[in-house]
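Reader: I'm new to protein structures, and I'd like to look closely at one small part before I try to take in the rest. Could you help me with that?

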Amino acid sequence: MSVILAIESSCDETAVAIVRGEAGLRAEVLTSVISSQIELHREHGGVVPELASRNHSLHLRALVEKALVDAGVAMQEIDAFAATTGPGLASSLLIGSTAAKAMACACDRPFLGINHLEGHLLSPFMDCTAVPPHLALIVSGGHTLLLDVIGPGRYIKLGGTRDDAAGEAFDKVGKMLDLPYPGGPEIEKVARDGNPSAYDFPRSMLHDPHLDFSFSGLKTAVLYTLQRQHGKVSVADLSASFQQAVIDILVGKTLRAARRSGRKIIALSGGVSMNRALRTAFQDACEKSDFEMVTASPDFCTDNAAMIAFAALLRHLAGEFSPLDGDIHPNLPLTESRDNVIP
């Protein structure tokens, strides 16, 4: 049985979690606490790196202490300490990784540097330490990525975004429509009262043979629509039409990837995977095509430390650790996060 304390500080969420698990058995999240900075950054319309790192420093110690109390675990009972080491904002990553390394040194325990994307990737399987082969879609504010997952640490990239990530497109369109930051959840909320067929937006690269994504053209189409109509549009209809275009692209590309790879399980993760319309569309498409769909609990879709702790738990159970003199990697791609990853 291993007990892992992990820190997630890759962007604007300060998070700490403690997870306990044993090989072949269910992993248990003892606690997962988060200090959100959304209100702090909302007035700026996006994340300000200096403010984010400063607030990580202010809140991290209290969160670690709270996590230990909530979990009923003493610091000496932690078997390994982990932190996100990339990708993300350099100044934010340094706060979490430095703190985790310091605790590892103080307690004479291993340190594990975890790729933020691997945390998202594995989050749908947090209730069990066995991760089956599957087709994975990570869809978040910074990433849209299709992977053939052979097992933990063994991933083949099948496709990714060539420009904006899906979540980034949601936020930018939300800003065009003067919706509050972050725009993704606001567009979903407004779209519930809209007609998804009101505007015929492009489904970029949907029918191309490759498995890459592009959302910049869709975002530009929304902008031109607003300019042509001088901003006099139905926000609900435009939001619903934009959202439907994104959904069609994501579902279409993912099912094509699953058929090519031969996988029968499709796992959906990342902050955008909380979108109810997207989940419903995926569920319907998977049922029609005889795929099993797996998603993370809503609590573990957005940035959190439980997913980082779970990824670290799997590595710890496999006897792995990271060097204490290892650096952060703000632009770290998932395919270079582990020595045994298939490029």
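Reader: Which residues does glutamate 292 touch, not counting residues up to four places away in sequence?

Author: Happy to help! This is a predicted model, in which local features need a pLDDT of at least 70 and side-chain atom pairs count only at pLDDT 80 or more, while totals for chains, interfaces and linings use all residues. Residues are numbered from 1 along each chain as its sequence is written, and side-chain values use heavy atoms, with hydrogens and water left out.

Now to your residue. Leaving out residues up to four places away in sequence, glutamate 292 touches Lys264, Ile265 and Ile266; a contact means heavy atoms within 4.5 Å. Glutamate 292 sits in strand β10. Helices (H or I, at least four residues) and strands (E, at least two) are DSSP runs, numbered from the N terminus. Two of those partners, Ile265 and Ile266, fall in strand β9, which covers residues 265-269. Glutamate 292 counts as partly exposed because its relative accessibility is 45%: buried means under 20% relative accessible area, exposed over 50%, and partly exposed in between, with a 1.4 Å probe and protein chains only. For a sense of scale, valine 3 is 289 residues away from glutamate 292 in sequence, and their C-alpha atoms are 31 Å apart in space.

Let's step back along the chain. Aspartate 290 lies in the loop between α9 and β10 (292-295). Its phi is near 65°, a positive value in a residue other than glycine. With a relative accessibility of 58%, aspartate 290 counts as exposed.

On the other side of that loop is α9 (276-289), which, along with α5 and α8 (235-261), is among the elements that cover the buried residues of α6. Those buried residues of α6 are Gly183, Gly184, Glu186, Ile187, Glu188 and Ala191. A helix has a regular rhythm: with 3.6 residues a turn, residues three or four places apart on an α-helix point the same way.

Helix α8 has a buried residue to look at too. Serine 241 is in α8, and it counts as buried because its relative accessibility is 0%. Beyond its neighbours within four places in sequence, serine 241 contacts Asn195, Pro196, Ser197, Ala198, Tyr199 and Phe201. For contrast, try arginine 192, in the loop between α6 and α7. Arginine 192 is exposed, with a relative accessible area of 53%. Further along in the loop between α6 and α7 (216-228) is methionine 205, whose phi is positive, about 60°, although it is not a glycine.

Just before α6 comes proline 182, in the loop between α5 and α6. The peptide bond leading from tyrosine 181 to proline 182 is cis, with omega near -5°. Another cis bond joins glycine 86 to proline 87, with omega near -15°.

Tyr181 and Pro182 bring us to the pocket. Together with Gly141, Gly142 and Asp171, they lie nearest the centre of the largest pocket, which is lined by 46 residues. On a 1 Å grid over the protein atoms alone, a pocket is an open set of points where a 1.4 Å probe fits, with protein on both sides within 12 Å along at least five of seven lines; lining residues have an atom within 4 Å of a point. The volume of this pocket is about 1400 Å³, where grid points are joined across faces, edges and corners and the volume is the space filled by probe spheres set on the points. Helix α5 gives the most to the lining, with seven residues.

Finally, a glance at the whole chain. It has 10 helices and 10 strands. Buried residues make up 54% of its 343 residues. Of the contacts with a separation of 6 or more, 73% are between residues 24 or more positions apart.

How confident is the predictor? The mean pLDDT of the chain is 93, and 97% of its residues reach 70 or more; pLDDT is the predictor's confidence in each residue, from 0 to 100. Over residues 336-343, though, the pLDDT is below 50. Confidence is highest in strand β9, at a mean of 98, and lowest in α1, at 76. That takes us back to where we began, since β9 (residues 265-269) holds Ile265 and Ile266, which glutamate 292 touches.
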